[in-house]
Each structure stands twice: as structure tokens, then as C-alpha cells.
Amino acid sequence: MSTPPDAPVLLYDGTCGFCARSVQFALAHDRRGTLRFGPLQGAFGRSVVAAHPELHDVDSVVWVDGSAVAVRSDAALAVLDYLGGVWSALSALGRLVPRRLRDALYDATARRRFTFAARACLLPTPDERVRFLG
């Protein structure tokens, strides 16, 4: 399946095992097979940060859909929405929690992300590789 050029992109920390596992989760549950991925440290990630100065000091996953970007818990919930099904229902429940509290939980997890999955390695299959941006 060919990935549409306007499909959303999930940017992640390319050096983080927990982030790699999160990408693997999204790959496994993306029934459409169109979500694209890119490391924040890659050329596409750097171009997004350059176009959105508010992201300059952001150390988070970034959801990019057209010209709109979301970070932290909003980005995680956007991924769940995109995956559909039960994941959208979980996202709707998550949105009932105030953003300040969601982001505090996200930040607490992010601070410990290197200990949660320190040795995870992201090795996409050949079919999945076309969905990754540099």
C-alpha cells in the first residue's frame, strides 16, 4: 500500500527505546497503514521545528497533520484517534482529563522513558520502511 503524501506524521525521539516501542505500537494498530513516522533529529523533524518556532525546546512526540501540530498528551491522543476503534474511545476518555493533568502524567512518563525500554530497537520491516521519513 502506498502512503499518501498528506498522511499525518508522528515525530519521535530517535534515541529513545520507549519511543521506539510507541512507534511499533502505532505500526501494529494502524489498520489503514498510512501513518508516517520520523525522528525529531531527522531532516523532516528539523524542518517541522523550523516551521514551528514554538517547538524549538519541545522534548516530546509531535503529531503533524497538515500545518497543525500537537505535542505531549495531545499528540498521544491524536495517535489513538487516528488508529480508530477502541483506541478512539480511549482517546475520548483521555480528553475528559484536563490537559494540565494529562501533560503532567505525560511528563512524568517522559522523564523515565529511558528506563522503561532502554534497549528497544526500532527495526521496521521493508514494507514499513516506506512510511519512515528522514
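## A word to start with

In this report, a residue counts as buried when its relative accessible area is under 20%, as exposed when that area is over 50%, and as partly exposed in between. Take Asp-103 as a first case: its relative accessibility is 9%, so Asp-103 counts as buried. Keep in mind that the model you are looking at is predicted.

## The chain at a glance

How many helices and strands does the protein chain have? There are 7 helices and 4 strands. Reading from the N terminus, the order of the elements is β-α-β-α-β-β-α-α-α-α-α, so if you trace the chain in the viewer, you can tick them off one by one. The chain has 134 residues, and 43% of them count as buried.

Gly-45 is a handy spot to look for. This glycine sits in helix α2, which covers residues 43-51. Its relative accessible area is 0%, so Gly-45 is buried. Now find Val-64 as well: the two residues are 19 apart in sequence, and their C-alpha atoms are 9.8 Å apart in space.

## The largest pocket

Rolling a probe the size of a water molecule over the atoms shows where empty space is left. The largest pocket in this model has a volume of about 650 Å³. It is lined by 25 residues, and those closest to its centre are Phe-18, Ser-22, Val-61, Ala-76 and Tyr-106. Four elements give two or more residues to this lining: strand β1 (9-12) and the helices α1 (17-29), α3 (72-83) and α5 (99-111).

Which element gives the most to the lining of the largest pocket? That is α1, with 7 residues. As for the kinds of residue around this pocket, the lining has 15 nonpolar, 5 polar and 5 charged ones.

## Salt bridges between α3 and α5

Side chains of opposite charge can pair when their charged atoms come close. The structure holds 6 salt bridges, and a good place to begin is Arg-72. This arginine is in helix α3, and with 28% relative accessibility it counts as partly exposed. Its backbone is worth a look too: phi of Arg-72 is near 55°, a positive value in a residue other than glycine.

The side chain of Arg-72 meets that of Asp-103 in a salt bridge, at 3.9 Å from N to O. Because Arg-72 lies in helix α3 and Asp-103 in helix α5, this pair ties together parts that are 31 residues apart in sequence. A salt bridge also joins Arg-72 to Asp-107, with an N to O distance of 2.3 Å. This pair, too, links distant parts of the chain, with Arg-72 in helix α3 and Asp-107 in helix α5, 35 residues apart. At 25% relative accessibility, Asp-107 counts as partly exposed. Put together, Arg-72, Asp-103 and Asp-107 are linked in a network of salt bridges.

## Another pair, and a neighbour

Which residue forms a salt bridge with Asp-74? Arg-99 does, and the closest N and O atoms of the pair are 2.8 Å apart. Arg-99 belongs to helix α5 and Asp-74 to helix α3, so the pair links distant parts of the chain, 25 residues apart. Are the two partners buried or exposed? Arg-99 is partly exposed, with a relative accessible area of 48%, while Asp-74 is buried, with 17%.

Helix α5 also holds Ala-110. This alanine has a relative accessible area of 15%, so it is buried. In sequence Ala-110 and Arg-72 are 38 residues apart, but from C-alpha to C-alpha the gap in space is 9.2 Å.

## A nonpolar patch on the surface

Finally, turn to the outside of the model. Which residues form a nonpolar patch on the surface? They are Val-86, Leu-90, Leu-93 and Leu-96, and together they have about 420 Å² of accessible area. One of them, Leu-90, is found in helix α4, made up of residues 86-95. With a relative accessibility of 41%, Leu-90 counts as partly exposed, because that label covers the range between 20% and 50%.

Key:
Residues numbered from 1 in each chain as written. Predicted model: local features only at pLDDT ≥ 70, side-chain atom pairs only at ≥ 80, totals over all residues. Heavy atoms only, no water. 1 Å grid on protein atoms, 1.4 Å probe; cavity = no way out; pocket = protein on both sides within 12 Å on 5 of 7 lines; lining within 4 Å. Points joined across faces, edges and corners; volume = space filled by probe spheres on them. Nonpolar A, V, L, I, M, F, W, Y, C, P; charged D, E, K, R; others polar. Patch = residues over 30% accessible without salt bridge, like charges linked within 9 Å, V, L, I, M, F, W, Y side chains within 5 Å. Areas by Shrake-Rupley, 256 points an atom, 1.4 Å probe, with all protein chains shown as cover. Salt bridge = Lys/Arg side-chain N within 4 Å of Asp/Glu carboxyl O. Buried < 20%, exposed > 50% of the residue type's maximum accessible area, 1.4 Å probe, protein only.
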